[in-house]
Amino acid sequence: MFGNLGNMMDMFGKMKDIQARMQEAQQSLSTITETGESGAGMVRATVNGLKQVQSVEIDPDLIKVEDREMMQDLVVAAINKAMETIEPKIREHLKKSTEGLLPNIPGLDLGNMMP
């Protein structure tokens, strides 16, 4: 009679573990970084796993008033590149952080739980 209740309690316990591990994983995403470059490395932008821009480096040769528009475009391109390349690192980090908590369910992607 209480066999199913025990299974449900186990499942709720696992859900709490999953929530705790996901929270830990999300908090540690700030330690994962990726750098994107544009203009053959003249502009570099570094973002973290929380998708926050950490730094922007601009080659001194680009800092000319007449090149302002091009420099703005290169900064945007570098940031976008860094944002693109951080995505796989975020997914891998979350996957490793929650490994073993759930059975391997095809199509279940905990990486989509990130904002």
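This note sets out numbered points on the salt bridges, strands and long-range contacts of a predicted model.

1. Salt bridges as a whole. A search of the entire structure returns five salt bridges. Side chains of opposite charge can pair when their charged atoms come close. The points below take up several of these pairs in turn.

2. Glu34 and Lys89. These two residues form a salt bridge in which the closest N and O atoms lie 2.7 Å apart. The pair links distant parts of the chain, since Glu34 belongs to strand S1 (residues 33-38) and Lys89 to helix H2 (residues 68-97), 55 residues apart. The two ends fall into separate accessibility classes: Glu34 is buried, at a relative accessible area of 19%, while Lys89 is partly exposed at 36%. Glu34 counts as buried because its value of 19% is under the 20% cut-off.

3. Arg91 and Glu87. Within helix H2, Arg91 and Glu87 are four residues apart, about one turn of the helix. Their side chains meet in a salt bridge with an N to O distance of 3.8 Å. This pair is counted because 3.8 Å is within the 4 Å limit for a salt bridge. Both residues are partly exposed, Arg91 with a relative accessible area of 38% and Glu87 with 22%.

4. The network around Arg44. Salt bridges with shared partners join Glu37, Arg44 and Glu57 into one network. Between Glu37 and Arg44 the side chains meet at 2.9 Å, N to O. Glu37 is partly exposed, with a relative accessible area of 42%, and Arg44 is also partly exposed, with 30%. Arg44 stands opposite Glu57 of strand S3.

5. The S2-S3 hairpin. Strand S2 (residues 43-48) pairs with S3 in the antiparallel sense, over five bridges. The hairpin of S2 and S3 has four residues between the strands, and Lys51 there takes a positive phi near 65°. A colleague examining backbone torsions may wish to view this residue in the model.

6. A nonpolar patch. Val53, Val56, Ile58 and Ile63 make a nonpolar surface patch of about 300 Å². Of these residues, Ile58 is placed in strand S3 (residues 53-58). Ile58 is partly exposed, with a relative accessible area of 30%.

7. The geometry of helix H2. How far apart are the end C-alpha atoms of H2? The 30 residues of H2 should span 44 Å at 1.5 Å a residue, and the end C-alpha atoms are 43 Å apart, which agrees. H2 nevertheless bends by about 25° at Ile86, and a proline, Pro88, follows within four residues.

8. The buried residues of H2. Which residues of H2 are buried? They are Met71, Leu74, Val75, Ala78, Ala82, Ile86, Ile90, His93, Leu94 and Ser97. The list thus includes Ile86, the residue at which the helix bends.

9. Strand S1 and helix H2. Glu37 lies in strand S1, and Leu74 is among the buried residues of H2. Glu37 and Leu74 are 37 residues apart in sequence, and their C-alpha atoms are 8.4 Å apart in space. The salt bridge of Glu34 with Lys89 also connects strand S1 with helix H2.

Notes:
Residues numbered from 1 in each chain as written. Predicted model: local features only at pLDDT ≥ 70, side-chain atom pairs only at ≥ 80, totals over all residues. Heavy atoms only, no water. Helix = DSSP H or I, 4+ residues; strand = E, 2+ residues; numbered from the N terminus. Buried < 20%, exposed > 50% of the residue type's maximum accessible area, 1.4 Å probe, protein only. Patch = residues over 30% accessible without salt bridge, like charges linked within 9 Å, V, L, I, M, F, W, Y side chains within 5 Å. Areas by Shrake-Rupley, 256 points an atom, 1.4 Å probe, with all protein chains shown as cover. Pairing = 2+ DSSP bridges. Expected span 1.5 Å × (residues − 1). Bend = angle between axes of the 7 residues up to and from the residue.
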